[in-house]
Amino acid sequence: MPDAEPQPRAGGAQGPAPAVDPAGPTAPTPAIRSVRLAALLALVGGGLDSYTFISRGGVFANAQSGNVVLLGIAAAERHWWQALERLPPILAFVAGVLVAETLQRPRVAAVLRRPAWAAMMLELVVLAAVGLIPAGAPDTLVTVLIAFMAAVQMTTFRTLVDAVYNSTMTTGNLRSAMQNAYAAVVNGDMDARRRARQFASVVLAFLAGAFGGGWLTLAWGVRAVWAACVLLAVGLAIFVHDERVVRKPRESQGL
């Protein structure tokens, strides 16, 4: 079942506050926090949920609340084998979070230089491999890999300009969109209006990804996951372009 991810403001318990850009408040938003990259990743997240639901046994591999609940129910009914079957994607998700956090450790980041690039490349390679797994293979193999990559994606990319968001689930984003829309209308808060538009863009992108992922899975079967690889390749191109845009004013100012 889909998850509900709390969405506090940046700097809350679920993620560090975005760093202040030394180029100044009018500088372009860094690629890792840009709206278009967030929307692209939400396309991937929605598409993967549709993909696993249609082609891999009606499972939402991005979210683990369902697996945790079903594990608890199976254990309560003493169906121990069924309970154990719910563990692999949960453990894979945990492993994905640990890998993403490791990529951002100072020593590792110094070697990789661009940890976010490395995370996207890892996701692209893993999903390309998933597309090679035949339809007759155990569903758990695919859901474990996708749960792992969902954790890497949501842990690496968690800031939408100046607010915390989630690119693999949509409940919290929808709540944040409506909270900010309410503040914009009732209080005339211009920042809230901007955030409402940004979160709405991510929610709509997730919906579009779910539609596109479902349609492609019905048409192409297990190889539909390669569409997510194309989107991730576009995301890497966005990184290259946006970093060049940000770098130019900094270089001209000697930063």
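Entry 1. I take a residue as buried when its relative accessible area is under 20%. With that cut-off I looked up the burial in this predicted model, and found that 45% of the 255 residues of the protein count as buried.

Entry 2. I then turned to the surface, where the accessible area of the protein comes to about 12900 Å², with 67% of that area belonging to carbon and sulfur atoms.

Entry 3. For the secondary structure I noted 10 helices and two strands, and I wrote down their order along the sequence as α-α-α-α-α-α-α-β-β-α-α-α. I also looked up how the contacts are spread along the chain: among those with a separation of 6 or more, 75% join residues 24 or more positions apart.

Entry 4. Next I went to the second largest pocket, for which I recorded a volume of about 290 Å³. Its lining holds 16 residues, and the closest to the pocket centre are Val59, Asn67, Glu85, Arg86 and Thr140. I asked myself which elements give two or more residues to this lining, and I found helix H2 (65–76), helix H3 (80–85) and helix H7 (139–156). Helix H2 supplies the largest share of the lining, namely four residues.

Entry 5. Last, I looked up the chemical character of the lining of the second largest pocket, and I noted that its residues divide into five nonpolar, six polar and five charged.

Key:
Residues numbered from 1 in each chain as written. Predicted model: local features only at pLDDT ≥ 70, side-chain atom pairs only at ≥ 80, totals over all residues. Heavy atoms only, no water. Buried < 20%, exposed > 50% of the residue type's maximum accessible area, 1.4 Å probe, protein only. Contact = heavy atoms within 4.5 Å. Areas by Shrake-Rupley, 256 points an atom, 1.4 Å probe, with all protein chains shown as cover. 1 Å grid on protein atoms, 1.4 Å probe; cavity = no way out; pocket = protein on both sides within 12 Å on 5 of 7 lines; lining within 4 Å. Points joined across faces, edges and corners; volume = space filled by probe spheres on them. Nonpolar A, V, L, I, M, F, W, Y, C, P; charged D, E, K, R; others polar.
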